[in-house]
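Trainee: I'm new to this structure and would like a close look at one part of it. Could you take me through how the strands pair up, and then show me what sits around them?

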Amino acid sequence: MKITVVGTGYVGLVTGTCFAETGNDVTCVDIDINKVNKLSAGQITIYEPGLEKLFERNLKEGRLHFTINLAEGIREAQVIFLALPTPPGEDGSADLSYILRVADQLGELMQDYKVIVDKSTVPVGTADKVHAAVLKSAKVEFDVVSNPEFLREGVAVEDFMKPDRVVIGTSSERARKVMGDLYAPFVRQGNPIIYMDEKSAELTKYAANSFLATKISFMNEIAILCEKLGADVDMVRRGIGSDDRIGKRFLFPGIGYGGSCFPKDVQALVKSSQEVQYDFRILDAVMDVNEKQKLFLLPKISAYYKGNLKGRHFALWGLAFKPNTDDIREAPALYIIDALVKEGATVSVFDPEAMANVKGVIGDKVTYAENQYAALDKADALIIATEWSVFRTPDFDRIADTLKEKVVFDGRNLFEVPRMQELGFFYESVGRKPSTL
């Protein structure tokens, strides 16, 4: 099948590459000529484990193409995916200007029947808006489908190739057949394609992300309560996660969620609720808890240094909002850095993939170390903000020898408290009793 993907960001590039991997002929369209030139030359523009190998193979086999010309890109396409940014506006609502601008052009450019697919995360009613925008100048038949993505950064290729489910929102039997044929290779093991109306599909994505964000914030509140009551959040997590009705995932406490999805999707669902005069109080609380949680370690750090951080130097491991990605959007590490610098401290940072992105945002506000141990040089303490695998079993002797004091503030609970106690570290984590020097 011939497919066009408009937008070569995270969702667009994963979508286009994975569809090419199953034999489709895919053209990706983007207005950024520098990005298109890089991709056409074989230079991948995002970090995602497993994607580069598929990207290089399908580019070499001639199944993956890139262009800045929308008319050329869609000419022979049977399906057009819109994988464009929907950033939050000042009021929290999703900005649909990128999607609707392309929709306006599609009506003029299409010369035969197309299925236009909203792949971006969009508010309820967007399919209707896209349909109206295309219809203004369309001379041929077309359908608009909602097909939300459920990709987790760090395992996006696996999520796309072996999805838990595929959600397709359409009221057209013609479009339903096209989409069913397209996704058939991905659901051979019986994972379902769930068909529904467009509005239900649009809401499904927001509801899923908001529910997961709620689990995270709930567990972070339980962690705070554990510290006040003298309980251990890891024991509580295991106890409730063994209940099939609750499940084990998204119950790990920490310093809040970030990234490109949860923050803006929760905010957008709240805004959509307000537009129909509904007060979504649970999600208001979820956002409030998460904002506070990003700085959860700061009072602990401040207390250890008796309220004076001026002149202190900290090592920070982890900048991405989660491991196995270079995405720093809404990353808790950035909030921690900002708070420490405002208090007069300095920070040396290391992240396996995200340092270039951070430097592009905050410049020389921090020192960028060449490896995790170099970041420790002359540091008063170590702060852990992202649970990269490389941080899980470090050389503790080397940490102890390099830090001025054996002090660790862990926002991701990477280490066991008794082990840190045995090693002689002062170790503060989330929802557990601290070990002391």
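Mentor: Start with V6, whose bridge partner in β4 is L82. This is a predicted model, by the way, so keep that in mind as we go. That pair belongs to a set of four bridges that join β1 to β4, with the two strands running parallel. Strands in a sheet pair through backbone hydrogen bonds, in either a parallel or an antiparallel way.

Now stay on β4, which covers residues 79-82. In a regular strand, side chains alternate between the two faces of the sheet. Here both faces are covered: V79 and F81 are buried on one side, and I80 and L82 are buried on the other. β4 also pairs with strand β5 (residues 114-118), again in the parallel sense and over four bridges. If you want a spot to click on, I80 has I116 as its bridge partner in β5.

Go back to β1, residues 2-6, and pick out T4. Is T4 buried or exposed? T4 counts as buried because its relative accessibility is 0%. A polar atom of its side chain lies 2.5 Å from the backbone oxygen of G73. Leaving out neighbours within four places in sequence, T4 is in contact with T27, V29, G73, I74, A77, V79, I80 and F81. You've already met V79, I80 and F81 among the buried residues of β4.

Next, scroll further along the chain to another sheet. Six strands form an open sheet there, in the order β11-β10-β9-β12-β13-β14, and the pairing is parallel. Its edge strands are β11 (367-368) and β14 (426-428), each pairing on one side only. At the β14 end, three bridges join β14 to β13 (residues 407-410), and the two run parallel. One place to look is V407, whose bridge partner in β14 is F426.

Inside that sheet, find S348 in strand β10. S348 counts as buried because its relative accessibility is 5%. Setting aside neighbours within four places in sequence, S348 is in contact with H313, F314, A315, L316, T367, A369 and A375. The C-alpha atoms of S348 and A385 are separated by 13 Å, and the two residues are 37 apart along the chain.

What lies across these strands? Helix α14 (residues 332-342) lies across β9 (313-317), β10 (346-350) and β12 (381-384), and runs at about 175 degrees to β9.

For contrast, try G363, in the loop between α15 (355-362) and β11. G363 is partly exposed, with a relative accessible area of 22%. Not counting residues up to four places away in sequence, G363 touches V358 and Y368. From G363 to F218 is 34 Å, C-alpha to C-alpha, with their positions 145 residues apart in sequence.

One last stop is a pair of helices. Packed helices are described by the angle and the distance between their axes. For α11 (residues 262-275) and α12 (residues 281-293), the axes come within 10 Å and cross at roughly 145 degrees. On the α11 side the contact is made by V266, Q267, L269 and V270, and on the α12 side by L283, D284 and M287. Those residues divide into five nonpolar, one polar and one charged. The crossing itself is left-handed.

Notes
Residues numbered from 1 in each chain as written. Predicted model: local features only at pLDDT ≥ 70, side-chain atom pairs only at ≥ 80, totals over all residues. Heavy atoms only, no water. Buried < 20%, exposed > 50% of the residue type's maximum accessible area, 1.4 Å probe, protein only. Polar contact = N/O pair within 3.5 Å; in protein donor to acceptor, adjacent residues only side chain to side chain. Contact = heavy atoms within 4.5 Å. Pairing = 2+ DSSP bridges. Axes fitted to C-alpha atoms, helices over the stretch in contact; angles between N-to-C directions. Left-handed = near helix turned anticlockwise from the far one by under 90°. Nonpolar A, V, L, I, M, F, W, Y, C, P; charged D, E, K, R; others polar.
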